[in-house]
Amino acid sequence: MANLCPPLSAGEDTFELHSLQLELEAVEKQIQELLVRQTELRERRAALESSRVSIQRDTNTLTTSTPCASLPRSRAPWTRSSQMSFTPAPGHHGPWVQQQRKTRARPRPRTSPPPPPPVFEISTRNRFAPLRETERDAVIVGDSIVRYVRATSAKGKVHTHCFPGARVLDVSAQIPAILKDGESVGAIVLHAGVNDTRLRQTEVLKRDFSSLIETVRSTSPATRIIVSGPLPTYRRGHERLFRADGLHPSRVGAELLSDNISRTLRSI
(Lines give C-alpha, C1' and ligand atoms only; values in the text may rest on other atoms or scores of the structure.)
Protein backbone atom coordinates (compact mmCIF):
# COMPACT_ATOMS: atom_id res chain seq x y z
CA MET A 1 0.00 0.00 0.00
CA ALA A 2 1.24 3.47 -0.75
CA ASN A 3 1.54 6.03 2.06
CA LEU A 4 -0.87 8.80 1.57
CA CYS A 5 -0.14 12.25 3.06
CA PRO A 6 -3.12 14.40 3.56
CA PRO A 7 -2.93 17.79 1.84
CA LEU A 8 -2.01 20.77 4.04
CA SER A 9 -4.51 23.45 4.56
CA ALA A 10 -3.90 27.10 3.64
CA GLY A 11 -3.33 28.09 7.25
CA GLU A 12 -0.69 25.44 7.79
CA ASP A 13 1.14 26.42 4.61
CA THR A 14 1.32 30.01 5.74
CA PHE A 15 2.75 29.09 9.20
CA GLU A 16 5.42 26.81 7.72
CA LEU A 17 6.42 29.44 5.19
CA HIS A 18 6.78 32.04 7.93
CA SER A 19 8.97 29.67 9.98
CA LEU A 20 11.23 28.97 7.02
CA GLN A 21 11.54 32.69 6.36
CA LEU A 22 12.64 33.36 9.94
CA GLU A 23 15.16 30.52 9.84
CA LEU A 24 16.63 31.82 6.55
CA GLU A 25 16.97 35.32 8.02
CA ALA A 26 18.80 33.90 11.05
CA VAL A 27 21.19 31.92 8.84
CA GLU A 28 21.87 34.96 6.63
CA LYS A 29 22.60 37.02 9.73
CA GLN A 30 25.12 34.43 10.96
CA ILE A 31 26.75 34.37 7.51
CA GLN A 32 27.13 38.17 7.60
CA GLU A 33 28.68 38.05 11.08
CA LEU A 34 31.12 35.34 9.98
CA LEU A 35 32.12 37.37 6.94
CA VAL A 36 32.76 40.41 9.10
CA ARG A 37 34.82 38.32 11.52
CA GLN A 38 36.76 36.83 8.59
CA THR A 39 37.62 40.29 7.34
CA GLU A 40 38.81 41.38 10.80
CA LEU A 41 41.01 38.29 11.19
CA ARG A 42 42.61 38.80 7.78
CA GLU A 43 43.40 42.41 8.60
CA ARG A 44 44.89 41.36 11.93
CA ARG A 45 47.04 38.70 10.28
CA ALA A 46 48.33 41.18 7.71
CA ALA A 47 49.23 43.68 10.44
CA LEU A 48 51.11 41.03 12.44
CA GLU A 49 53.06 39.84 9.38
CA SER A 50 54.00 43.42 8.51
CA SER A 51 55.16 44.05 12.09
CA ARG A 52 57.27 40.85 12.14
CA VAL A 53 58.98 41.77 8.87
CA SER A 54 59.75 45.25 10.21
CA ILE A 55 61.25 43.82 13.45
CA GLN A 56 63.45 41.38 11.47
CA ARG A 57 64.67 44.21 9.23
CA ASP A 58 65.59 46.37 12.24
CA THR A 59 67.39 43.47 13.90
CA ASN A 60 69.47 42.75 10.80
CA THR A 61 70.34 46.41 10.51
CA LEU A 62 71.52 46.60 14.11
CA THR A 63 73.52 43.40 13.80
CA THR A 64 75.42 44.44 10.68
CA SER A 65 76.01 48.10 11.52
CA THR A 66 77.34 47.74 15.08
CA PRO A 67 81.11 47.04 15.12
CA CYS A 68 82.77 45.12 17.94
CA ALA A 69 84.87 47.39 20.11
CA SER A 70 87.65 46.15 22.39
CA LEU A 71 87.77 47.49 25.91
CA PRO A 72 90.85 49.54 26.78
CA ARG A 73 93.26 47.87 29.19
CA SER A 74 93.70 49.59 32.50
CA ARG A 75 97.28 50.49 33.31
CA ALA A 76 98.61 50.41 36.80
CA PRO A 77 99.34 53.94 38.11
CA TRP A 78 102.94 54.94 38.52
CA THR A 79 104.07 55.49 42.07
CA ARG A 80 106.86 57.70 43.18
CA SER A 81 108.97 54.84 44.48
CA SER A 82 108.71 52.92 41.17
CA GLN A 83 109.58 55.78 38.76
CA MET A 84 112.82 55.31 36.75
CA SER A 85 115.17 58.11 35.55
CA PHE A 86 117.41 57.74 32.53
CA THR A 87 120.78 59.64 32.63
CA PRO A 88 123.87 59.29 30.38
CA ALA A 89 126.91 57.59 31.79
CA PRO A 90 129.48 60.13 33.16
CA GLY A 91 132.66 60.83 31.11
CA HIS A 92 131.48 59.80 27.65
CA HIS A 93 128.57 60.15 25.35
CA GLY A 94 127.64 56.53 25.29
CA PRO A 95 124.32 54.80 25.44
CA TRP A 96 121.72 55.57 28.07
CA VAL A 97 121.78 53.59 31.27
CA GLN A 98 119.09 53.10 33.86
CA GLN A 99 119.58 54.49 37.34
CA GLN A 100 117.10 53.73 40.01
CA ARG A 101 116.44 56.49 42.44
CA LYS A 102 116.96 55.49 46.05
CA THR A 103 114.04 56.10 48.31
CA ARG A 104 113.99 56.22 52.06
CA ALA A 105 111.82 53.84 53.92
CA ARG A 106 108.91 55.65 55.36
CA PRO A 107 108.49 55.24 59.09
CA ARG A 108 105.51 53.16 60.01
CA PRO A 109 102.81 55.14 61.73
CA ARG A 110 102.47 54.37 65.39
CA THR A 111 99.19 52.83 66.25
CA SER A 112 97.69 53.70 69.57
CA PRO A 113 96.15 50.89 71.62
CA PRO A 114 92.44 50.36 71.02
CA PRO A 115 90.14 52.20 73.40
CA PRO A 116 88.62 50.17 76.20
CA PRO A 117 85.17 48.80 75.52
CA PRO A 118 82.33 51.02 76.65
CA VAL A 119 80.79 50.31 80.02
CA PHE A 120 77.03 50.13 80.06
CA GLU A 121 75.18 50.61 83.29
CA ILE A 122 72.25 48.23 83.59
CA SER A 123 69.53 49.32 85.94
CA THR A 124 68.34 46.55 88.23
CA ARG A 125 65.31 48.45 89.43
CA ASN A 126 62.10 46.62 88.78
CA ARG A 127 59.81 49.00 86.93
CA PHE A 128 56.87 46.74 87.74
CA ALA A 129 57.41 47.11 91.50
CA PRO A 130 54.62 49.72 91.96
CA LEU A 131 52.22 47.43 90.11
CA ARG A 132 53.21 44.50 92.28
CA GLU A 133 52.66 46.49 95.42
CA THR A 134 49.11 47.33 94.39
CA GLU A 135 48.32 43.67 93.60
CA ARG A 136 49.78 41.89 96.61
CA ASP A 137 47.92 38.81 97.82
CA ALA A 138 46.46 38.15 101.25
CA VAL A 139 46.38 34.96 103.31
CA ILE A 140 44.06 33.62 106.00
CA VAL A 141 45.68 31.33 108.56
CA GLY A 142 43.70 29.56 111.26
CA ASP A 143 42.19 26.41 112.67
CA SER A 144 39.20 24.43 111.40
CA ILE A 145 36.92 27.48 111.79
CA VAL A 146 38.28 28.93 108.50
CA ARG A 147 37.87 25.68 106.54
CA TYR A 148 35.05 27.06 104.36
CA VAL A 149 36.00 30.74 104.44
CA ARG A 150 36.31 32.22 100.93
CA ALA A 151 37.26 35.89 101.21
CA THR A 152 38.09 38.35 98.44
CA SER A 153 40.32 41.39 98.20
CA ALA A 154 40.44 44.41 95.89
CA LYS A 155 44.24 44.20 95.43
CA GLY A 156 44.89 40.50 94.75
CA LYS A 157 44.01 36.93 95.60
CA VAL A 158 43.19 35.57 99.06
CA HIS A 159 44.56 32.17 100.08
CA THR A 160 43.20 30.21 103.05
CA HIS A 161 45.41 27.90 105.16
CA CYS A 162 43.42 25.67 107.52
CA PHE A 163 45.00 23.60 110.32
CA PRO A 164 42.26 21.61 112.16
CA GLY A 165 42.77 21.31 115.91
CA ALA A 166 45.63 23.85 115.89
CA ARG A 167 46.20 26.17 118.82
CA VAL A 168 47.77 29.63 118.65
CA LEU A 169 51.33 28.36 118.97
CA ASP A 170 50.64 25.68 116.34
CA VAL A 171 49.59 28.40 113.90
CA SER A 172 52.69 30.40 114.82
CA ALA A 173 54.88 27.44 113.85
CA GLN A 174 53.38 27.46 110.34
CA ILE A 175 54.00 31.16 109.66
CA PRO A 176 57.61 30.90 108.32
CA ALA A 177 56.56 28.37 105.68
CA ILE A 178 53.50 30.39 104.63
CA LEU A 179 55.33 33.73 104.48
CA LYS A 180 58.50 32.42 102.84
CA ASP A 181 57.93 34.94 100.04
CA GLY A 182 56.87 37.87 102.16
CA GLU A 183 57.05 40.39 99.31
CA SER A 184 53.98 38.86 97.66
CA VAL A 185 51.81 38.88 100.82
CA GLY A 186 50.25 42.22 101.61
CA ALA A 187 48.08 41.20 104.57
CA ILE A 188 47.57 38.18 106.80
CA VAL A 189 44.41 37.35 108.72
CA LEU A 190 45.02 35.34 111.91
CA HIS A 191 42.02 33.35 113.14
CA ALA A 192 42.91 31.08 116.04
CA GLY A 193 42.28 30.59 119.74
CA VAL A 194 39.06 28.58 119.76
CA ASN A 195 40.99 25.47 120.81
CA ASP A 196 42.82 27.47 123.51
CA THR A 197 39.72 28.90 125.20
CA ARG A 198 38.77 25.47 126.44
CA LEU A 199 41.78 25.55 128.75
CA ARG A 200 40.53 28.79 130.33
CA GLN A 201 44.03 30.22 130.62
CA THR A 202 43.55 33.84 129.66
CA GLU A 203 47.09 35.08 130.41
CA VAL A 204 48.67 32.18 128.55
CA LEU A 205 46.43 32.88 125.55
CA LYS A 206 47.48 36.57 125.54
CA ARG A 207 51.14 35.59 125.64
CA ASP A 208 50.69 33.10 122.81
CA PHE A 209 48.93 35.69 120.64
CA SER A 210 51.78 38.15 121.27
CA SER A 211 54.26 35.47 120.18
CA LEU A 212 52.22 34.78 117.03
CA ILE A 213 52.14 38.45 116.06
CA GLU A 214 55.88 38.83 116.71
CA THR A 215 56.58 35.80 114.52
CA VAL A 216 54.68 37.40 111.63
CA ARG A 217 56.49 40.71 112.06
CA SER A 218 59.93 39.12 112.12
CA THR A 219 59.18 36.92 109.11
CA SER A 220 57.57 39.59 106.90
CA PRO A 221 57.83 43.13 108.33
CA ALA A 222 55.85 44.68 105.44
CA THR A 223 52.83 42.41 105.86
CA ARG A 224 49.82 43.93 107.60
CA ILE A 225 48.38 41.83 110.43
CA ILE A 226 44.64 41.38 111.05
CA VAL A 227 43.45 39.36 114.07
CA SER A 228 40.07 37.65 113.69
CA GLY A 229 38.38 35.60 116.39
CA PRO A 230 38.04 33.44 118.23
CA LEU A 231 34.32 33.27 117.50
CA PRO A 232 31.81 33.15 120.38
CA THR A 233 30.35 29.76 121.17
CA TYR A 234 26.82 28.69 120.37
CA ARG A 235 24.07 30.98 121.64
CA ARG A 236 20.34 30.56 121.67
CA GLY A 237 18.74 32.37 118.75
CA HIS A 238 21.75 31.92 116.41
CA GLU A 239 21.25 28.27 115.53
CA ARG A 240 21.53 28.87 111.80
CA LEU A 241 25.09 30.26 112.19
CA PHE A 242 26.53 27.08 113.76
CA ARG A 243 26.59 23.39 113.08
CA ALA A 244 25.16 20.78 115.35
CA ASP A 245 28.35 20.73 117.46
CA GLY A 246 27.76 24.40 118.36
CA LEU A 247 31.41 25.24 117.56
CA HIS A 248 32.05 25.26 113.81
CA PRO A 249 30.18 27.74 111.61
CA SER A 250 27.50 26.47 109.28
CA ARG A 251 27.33 27.41 105.59
CA VAL A 252 25.53 30.65 106.50
CA GLY A 253 28.00 31.35 109.29
CA ALA A 254 31.00 30.71 107.00
CA GLU A 255 29.56 33.12 104.42
CA LEU A 256 29.04 35.77 107.11
CA LEU A 257 32.63 35.35 108.34
CA SER A 258 33.90 35.53 104.74
CA ASP A 259 32.02 38.79 104.15
CA ASN A 260 33.44 40.35 107.33
CA ILE A 261 37.01 39.41 106.38
CA SER A 262 36.53 40.58 102.79
CA ARG A 263 35.20 43.94 103.95
CA THR A 264 38.23 44.37 106.19
CA LEU A 265 40.71 43.45 103.40
CA ARG A 266 39.10 45.93 100.97
CA SER A 267 39.34 48.73 103.50
CA ILE A 268 43.12 48.51 104.00
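# Salt Bridges, Cores and Loops in a Predicted Model

Let me begin with one pair of residues: Arg 37 and Glu 40, whose side chains meet in a salt bridge, with 3.4 Å from N to O. Please keep in mind throughout that this is a predicted model. Both residues belong to helix α1, which covers residues 10-65, and they stand 3 residues apart, about one turn of the helix. How exposed are Arg 37 and Glu 40? Arg 37 is partly exposed, at 46% relative accessible area, and Glu 40 is likewise partly exposed, at 42%.

As background, side chains of opposite charge can pair when their charged atoms come close.

How many salt bridges does the structure hold? There are 3 of them. Another joins the side chains of Lys 206 and Glu 203, at 4.0 Å from N to O. These two residues are in helix α4, residues 202-219, where a spacing of 3 residues separates them by about one helical turn. Lys 206 is partly exposed, with a relative accessible area of 48%, whereas Glu 203 counts as exposed, at 54%. For a first-year student the cut-off is useful here: a residue is called exposed when its relative accessible area is over 50%.

The remaining salt bridge is between the side chains of Arg 251 and Glu 255, at 3.3 Å from N to O. Here the spacing is 4 residues, within helix α5 (residues 251-267), and again about one helical turn lies between the partners. Arg 251 is exposed, at 61%, while Glu 255 is partly exposed, at 41%.

Let me now step back to the chain as a whole. It has 5 helices and 6 strands. Read from the N terminus, the order of elements is α-β-β-α-β-β-α-β-α-β-α. Of the 268 residues in the chain, 21% are buried. The chain exposes about 22500 Å², and carbon and sulfur atoms supply 55% of that area. Among contacts with a separation of 6 or more, 59% are between residues 24 or more positions apart.

We turn next to the interior. The largest nonpolar core has 16 residues, and those touching the most other members are Val 139, Val 141, Ile 175, Leu 179, Ile 188, Leu 190 and Leu 212. Which elements each supply at least two residues of this core? They are strand β3 (137-142), helix α3 (168-178), strand β5 (185-191) and helix α4. Helix α4 has already appeared in this talk, as the helix that holds Lys 206 and Glu 203.

Val 141 deserves a closer look. Leaving aside neighbours within four places in sequence, Val 141 is in contact with His 161, Phe 163, Val 171, Ile 178, Ile 188, Val 189, Leu 190 and His 191. Apart from this core lies another, of 15 residues, which includes Ala 138, Ala 187, Val 189 and Val 194.

Nonpolar side chains also appear on the surface. Val 27, Ile 31 and Leu 35 make a nonpolar surface patch of about 240 Å². Ile 31 lies in helix α1, the helix of Arg 37 and Glu 40, and at 43% relative accessibility Ile 31 is partly exposed.

I will close with three residues in loops.

The loop between β4 (158-162) and α3 contains Ala 166. Is Ala 166 buried or exposed? It is buried, because its relative accessibility is 7% and the limit for a buried residue is under 20%. Not counting residues up to four places away in sequence, Ala 166 touches Asp 143, Val 171 and Asn 195. Ala 166 and Ser 144 are 22 residues apart in sequence, with 7.9 Å between their C-alpha atoms.

Thr 223 is in the loop between α4 and β6 (224-227), and this residue is also buried, at 7%. What does the side chain of Thr 223 meet? One of its polar atoms lies 3.1 Å from the backbone oxygen of Val 185. The side chain of Thr 223 also makes a polar contact with the side chain of Ser 220, at 2.4 Å.

Finally, Arg 200 is found in the loop between β5 and α4. In contrast to the two buried loop residues, Arg 200 is exposed, at 75% relative accessibility. Its phi is near 55°, a positive value in a residue other than glycine. In general, most residues other than glycine have a negative phi.

How values were computed:
Residues numbered from 1 in each chain as written. Predicted model: local features only at pLDDT ≥ 70, side-chain atom pairs only at ≥ 80, totals over all residues. Heavy atoms only, no water. Buried < 20%, exposed > 50% of the residue type's maximum accessible area, 1.4 Å probe, protein only. Core = buried A, V, L, I, M, F, W, Y, C linked by side-chain atoms within 4.5 Å. Contact = heavy atoms within 4.5 Å. Patch = residues over 30% accessible without salt bridge, like charges linked within 9 Å, V, L, I, M, F, W, Y side chains within 5 Å. Areas by Shrake-Rupley, 256 points an atom, 1.4 Å probe, with all protein chains shown as cover. Polar contact = N/O pair within 3.5 Å; in protein donor to acceptor, adjacent residues only side chain to side chain.
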